[in-house]
Amino acid sequence: QVQLVESGGGSVQAGGSLSVSCAASEYLSSVYCMGWFRQAPGKEREGVIFLDTSDMSTKSTDSVKGRFTISRDNAKTLFLQMNSLKPEDTGVYFCAFRPYLKCPLTLPGTAGFPYWGQGTQVNVSS
């Protein structure tokens with residue numbers, strides 16, 4: 001079974017930077033949508049930023065625009081660079097891959113992503 005393994009994250013003060021990586025256990029062909037969700041305690045998991053590999057376009061929630069960058073090395077590795085972090089960015093970050101279909105026109109929900117990372121804690125203190 002395909003597994004996504006995350007690494008990185010951690011704790012920083014507001015204004016600092018963190019990164020998270022996501023590596024697939026095997027090469028995944030036809031993965032056209034990949035990205036990051038996050039979940040704060042007691043809150044729903046929300047889409048944060050996504051990469052459509054068919055045209056390399058990105059889509060992100062307004063709250064992270066200009067601060068978060070998504071990139072990839074290949075179909076096995078996904079990266080998230082988080083700059084100018086704010087306390088409201090605190091949560092568990094999950095990478096997710098969606099094969100066969102391009103990213104939706106709007107920010108996606110969790111449905112349709114069969115491959116998930118284990119989650120990485122990101123803590124931003126004030």
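Biologist: What relative accessible area does W116 have, and into which class does that value put the residue?

Modeller: The model is a predicted one, and the class follows from the computed area of W116, which is 23%. Buried would require a value under 20%, and exposed a value over 50%. With its 23%, W116 therefore falls in between and counts as partly exposed.

Biologist: Which charged residue sits over the ring of W116, and how far is its charged end from the ring centre?

Modeller: The residue is R45, whose charged end also sits over the ring of F94, at 3.7 Å from the centre of that ring. Over the ring of W116, the charged end of R45 is separated from the centre by 5.0 Å.

Biologist: How many aromatic pairs does the structure hold, and what is the geometry of the pair F37 and F113?

Modeller: There are seven aromatic pairs in the structure. In the pair of F37 and F113, the ring centres are 5.3 Å apart and the planes stand at 85 degrees; since an angle over 60 degrees is the criterion, the arrangement of F37 and F113 is edge-to-face.

Biologist: Where in the chain do F37 and F113 lie, and how many residues apart are they?

Modeller: F37 belongs to strand β4, whereas F113 is found in the loop between β9 and β10, so that the pair links distant parts of the chain. Both of these phenylalanines are buried. The separation of F37 and F113 along the chain is 76 residues.

Biologist: What kind of aromatic pair do F94 and W116 form?

Modeller: The centres of the two rings are 6.4 Å apart, and 75 degrees lie between their planes. Because F94 is part of strand β9 and W116 part of strand β10, this pair ties together parts that are 22 residues apart in sequence. F94 is buried, at 10% relative accessibility, whereas W116 is partly exposed. The pair of F94 and W116 is edge-to-face.

Biologist: Which residues form the aromatic cluster?

Modeller: F37 and F113 have already appeared as one edge-to-face pair, and F94 and W116 as another. The cluster joins these four residues with F50, and its members are F37, F50, F94, F113 and W116.

Biologist: Which residues of the largest nonpolar core touch the most other members, and which element gives the most to this core?

Modeller: This core has 27 residues, of which W36, F68, M82 and F97 touch the most other members. Two or more residues come from each of β3, β4, β5, β7, β8, β9 and β11. With four residues, the element that gives the most is β3.

Biologist: How is the open sheet of four strands ordered, and which strands stand at its edges?

Modeller: The order is β1-β3-β8-β7, with antiparallel pairing. Two of these strands have a single partner each, so one side of each is left without a neighbour in the sheet; these edge strands are β1 (4-8) and β7 (68-74).

Biologist: How many bridges join β1 to β3, and which residue of β3 is the bridge partner of E6?

Modeller: The two strands run antiparallel and are joined by five bridges. In β3, the residue that partners E6 is C22.

Biologist: Which cysteine is bonded to C22, and why does this link tie together parts that are 73 residues apart in sequence?

Modeller: C22 is joined by a disulfide to C95, with an S to S distance of 2.1 Å. C22 lies in strand β3 (residues 18-24) and its partner in strand β9 (residues 91-99), so the pair spans those 73 residues. C22 is buried at a relative accessible area of 1%, and at 0% the partner is buried as well; that partner is C95.

Biologist: What angle about the S-S bond does the link of C33 and C103 have, and how are the bonded cysteines paired in sequence order?

Modeller: C33 and C103 have their sulfur atoms 2.1 Å apart, and the link is right-handed, with 100 degrees about the S-S bond. C33 lies in strand β4 (residues 31-39) and C103 in the loop between β9 and β10, so the pair ties together parts that are 70 residues apart in sequence. Both C33 and C103 are buried. With the bonded cysteines of the chain numbered in sequence order, the pairing is 1-3, 2-4.

Definitions and conventions: Residues are numbered from 1 along each chain as its sequence is written. This is a predicted model: local features need pLDDT of at least 70, side-chain atom pairs count only at pLDDT 80 or more; totals for chains, interfaces and linings use all residues. Side-chain values use heavy atoms; hydrogens and water are left out. A disulfide is a pair of cysteine sulfur atoms within 2.5 Å. Buried means under 20% relative accessible area, exposed over 50%, partly exposed in between (1.4 Å probe, protein chains only). Two strands pair if DSSP finds at least two bridges between them. A nonpolar core is a set of buried Ala, Val, Leu, Ile, Met, Phe, Trp, Tyr and Cys residues joined through side-chain atoms within 4.5 Å. Rings of Phe, Tyr and Trp (its six-membered ring) pair if their centres lie within 6.5 Å; planes under 30 degrees apart count as stacked, over 60 as edge-to-face and the rest as tilted. A charge sits over a ring if NZ of Lys or CZ of Arg is within 6 Å of the ring centre and within 35 degrees of the ring normal.
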